Amino acid sequence: MYNPVSTYRIQFNKDFTFSHFDSLITYFQQLGVTTIYASPIFAAVPESLHGYDGVDDNRINPELGTDEQFRAISQRLKQAGMGWIQDIVPNHMAYHVNNDWLMDLLEKGSLSRYTAFFDTSFASSFFHGRVMAPFLSESINETLAKGELTVTVDQERFMVKIGGEMLPLNPGSYAAILQANPDDSNDAVRQLLDELDQIRHIDEPEAYAIAWAEFRQQLTALQQTTPTEEYIRECLEKVNADPVKLRQLIDNQNYRLCSEPDTRLEINYRRFFISNGLICLNMSDKTVFQQVHRLIKTMADEGIFQGFRVDHVDGLLNPVQYLDRLRRLVGDDSYIVVEKVLQNNERLPESWPVEGTSGYDFLAMVNNLLTDSRNEQAFRDFYNALIGSDMALPDRIRDRKAYFLAQYMGGELDNLYHYFLALNLADEAVLADLTVGELTLTIGELLVNCPVYRYYGSQFPMPDDEAVAIRKLLKTIRLNNPNLATSVAILESALLTKPPVADADFNHRAALFYQRLMQLSGPLMAKGVEDTLLYTYTCFVGHNEVGDSPERFGLSTDDFHKAMQDRQRHWPLTQNTTATHDTKRSEDARARLNSLTDLADEWLMEVQEWQRLNAEFKRNDSPDSNDEYFIYQNLLGHYPMPGQDEDNFPERFKNYIKKSLQEAKRHTTDWEIGSDYYAGIQSFIDRLLDKKGSFWMRFRAFHWEIADFGVVNSLAQVVLKFMCPGVPDIYQGGEVWDFNMVDPDNRRPVDFAKCQQWLTDLTARRPLNESTPNGWADLWKHRFDGRIKFWLTHLLLQERQKNAVLFAEGQYVPLLVEGTCRAYVLAFARQYLTTWYVVIVPLHSAQFCWQQRVDVLSLDWQDTQILLPAHSPTSWANCLTGTTGDESNSILVQSVFSELPVALLRLE
């Protein structure tokens with residue numbers, strides 16, 4: 001099994017290509033990175049910023065570079081002793097003209113070789129009708145009347161053009177176009193029409209594809225002759241000038257043009273969440289799996305890819321089946337992790353053939369460890385009073401999911417209802433007793449109340465643990481909605497009671513419905529909670545994060561230790577991440593915000609003073625109290641370190657707030673923020689950022705103080721990421737202070753030139769201890785510039801490289817902390833054979849410093865000490881500062897926090 005040791009996430013796009021990366025390989029090697037972890041690098045839509053909108057998984061994205069360049073990079077990485085983990089996207093592709101498989105399907109319909117490739121009516125009885133093509137901005141009649149829909153020739157095809165989108169016409173439409181001007185046709189055109197008639201009688205997909213390719217070549221060749229080219233142009237002009245003919249032509253395609261609002265009530269293809277431009281693959285089909293993964297397998301076999309991160313595994317119909325196939329395809333030595341959001345107390349199935357998750361669970365645990373749970377009630381009470389509501393969070397979650405299901409995913413819900421009927425899972429006589437919409441509502445309630453992204457049963461009767469969970473959900477629905485008792489009983493019978501073991505056919509049908517149900521559960525959770533609730537419930541935005549939850553507010557040291565021991569026992573090579581391309585805010589912004597939970601009274605008093613100072617700047621209650629509080633938290637969390645470059649912050653922050661308002665959907669119509677409300681928001685932010693204003697003078701002082709406390713949390717977070725069980729991941733640029741906001745802000749270019757210079761300068765001064773000129777004392781003094789985080793990251797990367805086996809296989813040993821200040825310290829050991837490391841980090845340092853009125857390096861830790869296990873060595877050397885000690889069976893905290901507020905000791 002490949003051990004990544006550490007990973008560094010790279011976001012490739014047209015502005016950061018293989019050439020850019022190639023020039024940085026030496027930097028990454030010297031920094032100590034062992035494995036590159038790459039965003040999708042396969043062909044995507046033009047100018048894609050992320051690569052998740054792929055059009056061809058078997059071709060390198062030409063905007064990034066060539067296959068030859070990539071293979072050369074692979075050789076350089078091998079020479080440097082580095083590996084490559086590739087992010088793959090098996091769930092979906094772009095609904096785009098460059099997607100050849102999809103265009104072939106839309107062109108040829110049931111005679112396409114790719115009918116089974118996409119999750120549409122051509123591949124599944126779950127969907128019906130012509131595939132919807134939601135590219136119209138208005139109705140089809142209005143679009144035609146405005147002349148915004150035309151037929152043209154492009155890529156050797158007749159195409160329909162709508163705005164910037166292009167879709168192919170089916171072969172039957174060619175005859176209609178070529179006969180639009182019959183008086184001027186010539187022999188060449190008549191020959192084309194004869195060939196079209198012959199092709200019409202072919203009913204075998206492979207033969208059809210060959211004949212159609214030959215026809216298109218001939219059409220293209222004839223277009224090079226003046227008479228035919230002029231004739232075809234005139235035919236197209238006639239068709240485009242006749243709305244009736246154009247409408248008839250469009251109505252005869254294998255797809256149905258429609259608008260985005262139409263897809264909120266009806267949808268007949270599976271899409272990624274509610275992104276109409278991303279159409280899902282039918283990955284359960286073995287041939288589809290093989291075709292999508294051809295290049296991936298080749299590169300795994302050639303040793304170019306050492307591992308994979310599987311994007312959105314919950315979107316697949318049968319994730320377990322997919323992962324089993326992927327493991328067999330790439331072999332046991334490949335490293336595999338899945339993008340999986342685990343809810344509180346949810347466990348990744350241990351039977352999955354993977355090394356773990358991409359790390360959201362670790363992010364949540366560290367985020368909660370750095371949160372002071374004792375102040376939760378103060379935050380909740382303040383927020384409830386602020387918005388005038390004390391609705392319980394579970395009710396808010398259900399409310400947001402129900403809202404999103406009703407407003408944007410009604411088509412998906414309707415499909416589930418009709419699928420249930422089509423599968424004949426209930427007696428007609430029983431169904432006849434239901435009122436209109438009752439069963440649909442009950443299915444929706446099951447989705448809305450599901451406490452996790454999804455369950456994974458694929459065979460019936462379903463596994464016992466899932467049966468218990470589903471039975472509990474149905475009981476809740478029955479209690480909360482007595483009028484749905486009959487339809488609840490129908491679902492209970494179909495999913496839990498009726499399927500006898502011997503009735504294989506019924507069990508198969510029940511499993512099909514259940515898998516489709518779960519396939520929708522994940523997107524609903526993601527959109528209702530991740531992309532809606534996390535922008536509307538603003539009690540403490542530090543926990544409004546992917547993988548975390550606003551329901552959580554702190555984690556005890558005992559529970560953290562238990563979680564890490566379990567992690568080492570079951571998932572020693574899972575990823576430890578603190579930031580990704582999908583996180584709502586950067587790791588250092590979160591660490592800074594966590595300091596507020598240490599100082600609840602001070603923070604909430606400060607907010608009230610800010611509200612007073614800024615009351616005059618609000619126009620027509622814009623922003624309202626909820627959004628105003630959201631703005632304050634994010635302004636404090638994201639504003640750059642004191643004395644550092646503002647980095648175009650005002651414009652970036654406005655863009656962030658605009659996106660947040662769009663996601664919240666509290667002041668929007670059709671995704672657009674109300675113009676008056678948004679104008680008020682922009683004006684309000686301008687006044688906040690006025691450096692001469694009274695608010696800014698007060699904000700700057702508070703920001704400086706909280707930023708300082710945030711530094712300590714950030715350094716502790718870095719140490720935990722590297723020293724806890726799992727593989728630490730650095731999101732690009734995360735080796736320095738990172739205050740980027742949600743995407744696309746977090747995909748901005750990284751100043752690697754500065755990082756390279758820092759590495760050169762700091763390496764020349766090694767070792768960095770108190771006696772070294774410009775050593776740790778200098779880095780601490782100038783901690784806001786980011787070099788202190790950078791150098792700490794470098795040293796920890798080096799330690800992991802030198803002791804890779806220890807961090808993969810070594811035990812996680814919780815250490816007992818005793819003394820007056822024990823509540824402010826976390827300590828543990830990593831041990832393998834005779835090698836021991838002790839990790840010590842401060843907790844809630846803002847509160848501790850506030851109590852003593854000193855900075856973190858001046859704290860009086862009094863008698864606080866770390867007790868060492870009886871069988872461990874007692875002398876130690878600090879791997880970070882070079883200091884040493886021998887304190888028998890314990891280590892005084894005061895002795896290790898004199899130069900740096902974190903410690904990594906090697907016992908000897």
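Select proline 744 to begin, and you will find it in the loop between β20 (727-731) and α30 (752-763) of this predicted model. The peptide bond that joins aspartate 743 to proline 744 is cis, with omega at about 10°. Another cis bond can be found by selecting phenylalanine 460 and proline 461, where omega is near 0°, and proline 461 sits in the loop between α19 and α20. As background for these stops and for two later ones, most peptide bonds are trans, and most residues other than glycine have a negative phi.

From that loop, go to helix α19 (residues 438-449) and show helix α16 (residues 393-408) with it, since the two pack at an angle of about 135°, their axes 9 Å apart. The two helices are therefore oblique to each other, and α16 passes α19 in a right-handed crossing. To see the contact itself, select Arg398, Lys401, Ala402 and Leu405 of α16 together with Gly444, Leu447, Val448 and Asn449 of α19; these residues divide into four nonpolar, two polar and two charged.

Next, select helix α21 (residues 485-497), whose buried residues include Val488, Ile490 and Leu491, and also Glu492. The buried residues of α21 pack against α17 (410-422), α18 (428-432), α19, α20 (464-480) and α22 (504-536).

Finish with two residues in loops. Asparagine 620, in the loop between α25 (600-614) and α26 (625-638), has a positive phi near 55°, and it counts as exposed because its relative accessibility is 75%. Leucine 833, in the loop between β23 (825-832) and β24 (835-842), has a positive phi near 55°, and it counts as exposed because its relative accessibility is 63%.

Key. Residues numbered from 1 in each chain as written. Predicted model: local features only at pLDDT ≥ 70, side-chain atom pairs only at ≥ 80, totals over all residues. Heavy atoms only, no water. Axes fitted to C-alpha atoms, helices over the stretch in contact; angles between N-to-C directions. Helix = DSSP H or I, 4+ residues; strand = E, 2+ residues; numbered from the N terminus. Parallel < 35°, antiparallel > 145°, perpendicular 65-115°, else oblique. Left-handed = near helix turned anticlockwise from the far one by under 90°. Contact = heavy atoms within 4.5 Å. Nonpolar A, V, L, I, M, F, W, Y, C, P; charged D, E, K, R; others polar. Buried < 20%, exposed > 50% of the residue type's maximum accessible area, 1.4 Å probe, protein only.
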